[in-house]
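Reader: I would like to learn how to read charged pairs and buried parts in a model. Please start with the rule behind the count.

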Amino acid sequence: MLQELSNRWDELHTMLDASRGPGSMKHLAALEEQLRMLKARIERQRNIQQPANKMPTEILVEIFKEACRDWDSTVVILRQVCSHWRSVTTSCASLWQSFNSEFFKDPVRALDEYLDRAGDRSLRLTFIFYDESEDDIDRGKIELIDRQLVTALLAKLPAISPRITELNIHLHEHSRAGPELVAALAQPCPLLESLFIRVMKSTAGSLLMPSFPSGFGMSTNLPLILDPDFCNSLASLTSLALQNVSISQVPPCTSLAKLWLTGCQRLNADMVSSLCGKNKGLEALCVSKFSTPQGKLYRWQVPALLDLCLDDVDMPMLTAVHRRVDFRRIRSISLDLLVACHRPATDPLAISYIFSSMARVEVMVLHACRHGMEITLRSSSRNRSLRTAIEHFSHSFKSILEQIALDYRLFAHATEVSVTPCQWTNLAEVSSDAPFHRLRVLKIDLFHCTMHATKHHSLAGNSRFDWSHYALTSTKLQCPNLAEVVFDRTVHGEVVLEAADLHHVEALLDLIDIGVGRRLEKIRFADSDIPDAWKTALQNRADALTWWTAPNLGTSD
């Protein structure tokens with residue numbers, strides 16, 4: 001078939017060449033139209049001959065499902081490839097079950113198409129009522145699209161709500177779609193398994209509800225964002241996430257596996273305790289600031305909990321959670337703590353006791369600079385991790401290291417440690433009493449300090465590392481089995497190393513005690529090219545010297 005079309009193509013071209021001349025315009029136009037149509041037929045025939053179009057439709061559909069799994073608009077792209085793919089995608093309802101308004105300039109029209117092609121299948125819907133990439137000039141256009149989308153939702157929800165299994169709604173604090181959206185959420189969704197409502201940079205009340213008079217008691221008079229009928233229909237919910245949403249009660253869920261409540265007004269410890277008690281299968285829990293009622297302390301009954309996240313909490317709240325949850329039974333713990341600047345220096349014991357739940361730690365991240373601190377402990381053998389980040393920490397970081405090393409003996413099994421240069425002396429002094437006998441990889445992180453130094457400024461391009469913000473002593477880091485030292489700038493490479501920085505790098509290497517007669521197996525500069533002078537100076541310090549050269553080209557030895 002393809003050969004016949006090619007022969008016809010050659011024949012028409014010959015006729016076209018022979019017809020050129022005065023008075024032949026009509027004939028030429030007819031031949032050119034035939035050539036255009038024939039070219040389209042040839043392209044279709046070539047597409048049919050492609051291996052991807054020879055496979056059974058069922059297999060092609062499965063490939064398309066995988067392609068659409070993480071990108072909701074992929075099906076629209078796939079149908080534009082060729083007529084065969086268009087036929088397959090438009091006839092397969094399962095490819096149209098997941099919709100995200102963010103990917104379309106006309107989300108209302110796109111929603112109509114998705115709902116039509118999905119048929120009676122279940123639906124996973126995401127609605128983004130803001131666009132962070134747009135500037136204020138387009139704000140009016142954005143608000144118009146938001147209102148049109150909410151209006152379309154109000155009209156369609158009665159028909160589609162019984163089929164919705166996942167609903168994600170993201171609002172910006174300046175969006176005016178909130179009041180209409182509250183009405184839209186009043187429609188029960190009995191099959192809903194996952195609900196995520198997020199209000200960006202807002203306390204939710206000022207956005208989602210009409211404006212209140214000046215001085216109005218916002219904290220005690222805010223209406224609920226979630227309609228009671230809607231809440232009561234969430235019996236099958238397995239994942240609930242509310243961010244910056246005003247609530248005074250929570251849906252009566254009993255099958256939750258994931259619960260995320262951050263920035264939620266009126267949230268208190270007893271409400272979380274009640275939810276935990278009703279959802280014995282809860283595996284992941286994330287909460288932020290909440291009030292702690294006076295009276296009896298109710299423990300959070302979470303026997304299946306694997307992941308715990310506390311976001312932007314203070315020390316009293318951390319203590320309140322620690323009294324309600326057994327940290328030793330949790331696989332992964334992430335703590336983002338905020339210690340108020342105006343309060344007295346925090347007792348290190350008030351923080352370090354959380355590390356007592358860890359044992360046999362192999363990987364340690366010990367980063368601190370100025371008033372910011374981040375410590376991560378991971379135990380591969382016990383499949384557990386603990387991450388703690390603290391802002392405005394005013395106590396000595398060395399006291400935390402002493403607690404970790406001497407009281408909890410967590411240096412004993414460490415095989416990989418990452419440290420910031422400004423904490424080198426503290427770590428070396430503590431290691432003199434608790435050596436890293438099993439340490440094999442030492443990472444020197446240059447990005448953490450730079451990030452804190454420029455915290456209130458945008459990192460435009462690369463920044464040279466500030467070696468002057470710390471001082472070294474003669475105390476050496478004790479690690480007799482160390483094999484590799486890595487200078488790490490993170491995968492983005494925001495920190496610049498220059499030729500003049502060589503003596504700073506050598507000063508750190510000189511303060512590593514690996515024993516008499518030994519030398520390092522490797523010195524590596526992750527995501528960082530180095531000056532040629534460095535390569536000569538450092539090659540005698542290790543068996544191998546590696547550095548980053550260019551994207552996708554690996555390293556050079």
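Author: A salt bridge is a side-chain nitrogen of Lys or Arg within 4 Å of a carboxyl oxygen of Asp or Glu. By this rule the count here comes to 16 salt bridges. The model is predicted: local features need pLDDT of at least 70, side-chain atom pairs count only at pLDDT 80 or more, and totals for chains, interfaces and linings use all residues. Residues are numbered from 1 along each chain as its sequence is written, and side-chain values use heavy atoms, with hydrogens and water left out.

Reader: Which parts does the salt bridge of Arg331 and Asp307 tie together?

Author: Side chains of opposite charge can pair when their charged atoms come close. The side chains of Arg331 and Asp307 meet at 2.9 Å, N to O. Arg331 lies in the loop between H14 and strand E9 (332–338) and Asp307 in strand E8 (residues 307–313), so the pair ties together parts 24 residues apart in sequence. Helices (H or I, at least four residues) and strands (E, at least two) are DSSP runs, numbered from the N terminus.

Reader: Is Arg331 buried or exposed?

Author: Buried means under 20% relative accessible area, exposed over 50%, partly exposed in between (1.4 Å probe, protein chains only). Arg331, at 32%, counts as partly exposed, and Asp307, at 25%, does too.

Reader: What covers the buried residues of H13?

Author: Contact means heavy atoms within 4.5 Å. The cover includes strand E6 (258–262), strand E7 (284–287) and helix H14 (315–324). Among the buried residues of H13 (residues 269–278) are Met271, Val272 and Leu275.
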